Amino acid sequence: MRKVDVVIIGAGSAGCVTARRCAELGLRTLLVERKDKESIGQKVCGDEISKSHFDATGIEYPKGEEISSVIAGADVFPPNMVNELKVRGWSDFDGWTVDRWAFGQRLLREALRAGAVLKTEVHVGGPTFKGATVNGIHYKDLHTGEKSTVQAKIVIDASGFASVIRKKIDSPYVETEIDKKDIALCYREILNLKMPFAEPEVARVFLGGEYAPNGYAWIFPKGPKSANVGVGITGGGGRGSPKSLYAKFKEEYPLLFRSKAIQSGGGAVPVRRPIWSLVADGVAFVGDAAWMVNPIHGGGIGAGMRAGIILGEVAKEAIARRNTSTKGLWHFNTRFLCNFGRRLASLEIFKRLLSDVSDDDMNFGFAKRVLEAGDLMAANRGDGFSMGIGSKLVRAKRGIGKPGLLRNLQKAASLMKKIDKAYRNYPSSPDGLEKWKKLVQAIIDSAVFTSQ
Ligand SMILES: Cc1cc2nc3c(=O)[nH]c(=O)nc-3n(C[C@H](O)[C@H](O)[C@H](O)COP(=O)(O)OP(=O)(O)OC[C@H]3O[C@@H](n4cnc5c(N)ncnc54)[C@H](O)[C@@H]3O)c2cc1C
């Protein structure tokens with residue numbers, strides 16, 4: 001396949017779902033991947049995925065060997081690890097922990113069944129161009145070393161965090177580099193536990209604190225006596241690598257005493273709003289390559305799947321209209337960023353609040369319920385949280401002694417509303433992007449929270 005409609009780089013969850021939708025819609029679709037076919041789906045991950053993403057996309061729920069455990073509820077802990085919020089009925093979190101390999105293999109099978117063609121064990125080096133427009137890729141066969149190119153009407157970069165195309169194009173619309181402070185470096189293990197879970201369907205998330213300074217830690221059940229446990233930190237503040245912080249967590253957290261690791265590994269996650277534009281001339285970005293990840297807990301499988309479905313449809317329209325320029329592909333921006341992308345942007349404000357407020361303030365906020373389970377759920381939905389008069393009075397009463405915390409909450413609520421509105425009004429064409437970027441950047445820049 002030297003000439004195709006669409007070439008997709010990367011057979012991760014975002015790439016497979018995009019390939020499936022493109023092929024279902026009749027596009028000649030080539031999916032290229034560095035791994036061998038049997039290894040597709042293997043990924044260092046927390047393995048948790050919410051049911052809501054399947055409901056939103058129509059992708060079949062995990063079943064059989066794909067499911068490690070059902071997840072129904074989360075306990076969210078402040079830095080001092082007491083007074084946790086018990087979040088139940090959180091439709092955006094409840095779902096499953098999956099066997100990542102089996103789940104990834106299923107997404108691949110669905111793409112192939114729809115008609116996508118898979119080429120494995122090739123390393124894509126970058127894009128090819130006609131003028132400034134991306135018109136294909138060049139790659140190297142990992143066995144023979146032979147170099148080749150493929151021409152495509154649209155190149156889709158689903159190559160994950162490292163993004164093989166984004167850094168190699170010169171577009172005023174797309175960022176090439178991510179700020180270090182927006183990267184969560186993670187380490188995780190899958191553990192066999194000595195003791196069974198008291199609540200085997202409840203995930204635990206730990207915000208900040210000794211084991212995850214400026215980040216998060218998690219314990220996701222994988223079975224009655226098995227768990228996916230990890231730490232993700234941004235910056236780290238010189239307080240250790242994710243691996244060393246994880247080792248301390250494992251040694252000191254009672255549930256993890258004398259547990260045995262059966263898998264381990266590290267990885268990086270982008271924890272900020274998606275790139276300004278998901279498209280440029282001849283090219284589109286999806287999944288981690290476009291920073292489509294929940295900034296609070298680093299979950300990105302669902303966002304990439306949601307975007308993949310939309311991208312397949314936009315690719316079909318653009319090719320039918322013979323316009324695969326930035327303008328021709330722009331609908332991907334308006335369909336994704338005005339909707340799910342809006343949530344991710346709003347959550348970036350919330351993440352900044354959580355990382356700026358002192359551990360003391362956060363512990364206080366949890367202990368006195370100045371912040372409640374409903375706030376976490378609303379923030380995750382992208383609704384911000386209510387600071388209406390009634391709610392403000394209740395919070396003010398509970399927050400006596402910490403006026404700074406209340407002010408911060410109020411400020412975050414207001415900025416989340418503002419960014420939500422800005423994303424609802426994402427420009428309808430590339431001409432409006434510069435002005436819109438300035439508006440969003442100003443909101444982000446003002447999301448600084450001090451404890452005074
Ligand atoms: C430790 C950790 C825990 C996480 N926990 C969760 C969680 O619990 N829930 C959740 O939803 N998300 C979680 N995430 C995030 C989630 O794993 C990602 O958001 C998601 O897997 C991204 O999918 P993707 O398809 O965009 O990229 P990837 O899964 O990274 O797939 C990219 C694919 O591209 C291929 N590729 C890359 N470069 C090239 C190249 N040059 N040539 C050819 N092929 C190439 C790779 O081999 C890979 O198969 C976690 C991430 C980490 C690191």
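This passage looks at the ligand's surroundings and at two asparagines in loops of a predicted model.

The ligand first. Its shell is made up of 40 residues, and the closest of them are Gly-10, Gly-12, Gly-46, Gly-287 and Gly-300. Several elements each put two or more residues into this shell: the helices α1 (13-24) and α5 (301-320), together with the strands β3 (48-50), β9 (122-130), β12 (183-192) and β16 (260-270). Sorted by class, the shell comes out at 16 nonpolar and 16 polar residues, with 8 charged ones making up the rest. As for placement, the ligand lies between two domains, because both of them give residues to its shell. Domain 1 is built from three segments, 3-47, 101-178 and 275-337, while domain 2 is built from 71-96 and 189-270.

Now to the backbone. Most residues other than glycine have a negative phi. Two asparagines go the other way. Asn-83 has a phi near 60 degrees, a positive value, and Asn-214 likewise has a positive phi, near 55 degrees. Both sit in loops between strands: Asn-83 in the one linking β5 (74-77) and β6 (85-87), Asn-214 in the one linking β13 (203-207) and β14 (215-223).

Are these two asparagines buried or exposed? Something in between, as it turns out. Asn-83 has 14 other C-beta atoms within 10 Å, so it counts as partly exposed. Asn-214 has 18 such neighbours inside 10 Å and is therefore also partly exposed, given that a residue needs 20 or more to be called buried.

Definitions and conventions:
Residues are numbered from 1 along each chain as its sequence is written. This is a predicted model: local features need pLDDT of at least 70, side-chain atom pairs count only at pLDDT 80 or more; totals for chains, interfaces and linings use all residues. Helices (H or I, at least four residues) and strands (E, at least two) are DSSP runs, numbered from the N terminus. A residue is buried if 20 or more other C-beta atoms lie within 10 Å of its own, exposed if 12 or fewer, and partly exposed in between; C-beta atoms are placed from the backbone. A residue is near a molecule or strand if its C-beta atom, placed from the backbone, lies within 6 Å of it. Ala, Val, Leu, Ile, Met, Phe, Trp, Tyr, Cys and Pro count as nonpolar, Asp, Glu, Lys and Arg as charged, and the others, Gly among them, as polar. Domain bounds come from an automatic or database domain assignment.
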